[in-house]
Amino acid sequence: MAALAGWDREHPKPVVTMQQVADHIEHIRKIAGIDHVGLGSDFDGMPDTPVGLEGVDRYPALLAELMRRRWTDSDIAKLAGENLLRVMSAAEHVGARIRGESPKGPIAVN
């Protein structure tokens, strides 16, 4: 424990900001495309969070930061949930097909 405490003192955790999270999201969009990026949240048990993004209640500030960076309403909607809904819909259709059932509802394709 003493060695770990010493290592922690010599290697302090970097401060991460919401703007850096926005930078990371933009990088993912550049590499994978807007249709393949989304937000998720599992803050339970996280001892440290980015400054300005301490919980899901701060997502509006993150989305506002991306809008300041000229993200379109369509891009924000995809990031905030449309991409997830599209993927979940496709997964439901695959599951129905595997079970030999007729899929319910239209498949969201984009």
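Here is a walk through the fold, from the whole chain down to a few single residues.

Keep in mind that this is a predicted model. The protein chain has four helices and zero strands, so if you read along from the N terminus the elements simply go α-α-α-α. As for overall dimensions, the C-alpha atoms fill a box of roughly 60 × 40 × 25 Å along the principal axes. The radius of gyration is 19 Å, whereas a compact globule of 110 residues would come out near 13 Å. Of the 110 residues, 27% count as buried. And what about contacts that link distant parts of the sequence? Taking pairs at least 6 residues apart, 55% of the contacts join residues at least 24 apart.

Let's start with helix 2 and helix 3. Helix 2 covers residues 18–32 and helix 3 covers residues 59–68. At what angle do their axes cross? The answer is roughly 60°, and the axes come within 10 Å. That angle makes helix 2 oblique to helix 3. The crossing of this pair is right-handed. On the helix 2 side, the contact is made by Met 18, Gln 19, Val 21, Ala 22, Ile 25 and Glu 26. Facing them from helix 3 are Ala 61, Leu 62, Glu 65 and Leu 66. Sort the residues of this contact by class and you get seven nonpolar, one polar and two charged.

Met 18 is a good residue to click on here. It is found in helix 2, and at 7% relative accessibility it counts as buried. Which residues does Met 18 touch, once those up to four places away in sequence are set aside? The list is Pro 50, Val 51, Gly 52, Leu 53, Ala 61 and Leu 62. Ala 61 and Leu 62 also appear on the helix 3 side of the contact with helix 2. If you want another distance to check in your viewer, try Met 18 to Ser 41: the two are 23 residues apart in sequence and 14 Å apart in space, C-alpha to C-alpha.

Between helix 2 and helix 3 runs a loop, and Phe 43 sits in it. Is Phe 43 buried or exposed? Neither label quite fits, because its 23% relative accessibility counts as partly exposed. Leaving out residues up to four places away in sequence, Phe 43 touches Thr 49, Leu 53, Glu 54, Gly 55, Val 56 and Tyr 59. Leu 53 is also one of the residues that Met 18 touches. The C-alpha atoms of Phe 43 and Val 56 are separated by 8.1 Å, with their positions 13 residues apart along the chain.

Next comes helix 3 against helix 4. These two pack at an angle of about 150°, with their axes 10 Å apart. That makes helix 3 roughly antiparallel to helix 4. This crossing is right-handed. Helix 3 brings Leu 63, Leu 66 and Met 67 to the contact, and helix 4 brings Asp 73, Ile 76, Leu 79 and Ala 80. By class, the contact has six nonpolar, no polar and one charged residues. Leu 66 is worth a second look, since it is also listed in the contact of helix 3 with helix 2.

Now zoom in on Leu 63, which belongs to helix 3. At 17% relative accessibility, Leu 63 counts as buried. What is Leu 63 in contact with, beyond its neighbours within four places in sequence? Its partners are Leu 39, Ile 76, Leu 79 and Ala 80. Ile 76, Leu 79 and Ala 80 are among the helix 4 residues in the contact just described. Looking toward helix 2 instead, the C-alpha atoms of Leu 63 and Ala 22 are separated by 8.6 Å, although the two are 41 residues apart along the chain.

The last stop is the loop between helix 3 and helix 4 (73–98), where you'll find Arg 70. Arg 70 has a positive phi of about 75° even though it is not a glycine. Its relative accessibility is 74%, so Arg 70 counts as exposed. Set that beside Met 18, which counts as buried at 7%.

How values were computed: Residues numbered from 1 in each chain as written. Predicted model: local features only at pLDDT ≥ 70, side-chain atom pairs only at ≥ 80, totals over all residues. Heavy atoms only, no water. Axes fitted to C-alpha atoms, helices over the stretch in contact; angles between N-to-C directions. Parallel < 35°, antiparallel > 145°, perpendicular 65-115°, else oblique. Left-handed = near helix turned anticlockwise from the far one by under 90°. Contact = heavy atoms within 4.5 Å. Nonpolar A, V, L, I, M, F, W, Y, C, P; charged D, E, K, R; others polar. Rg over C-alpha atoms; globule rule 2.2 N^0.38 Å. Buried < 20%, exposed > 50% of the residue type's maximum accessible area, 1.4 Å probe, protein only.
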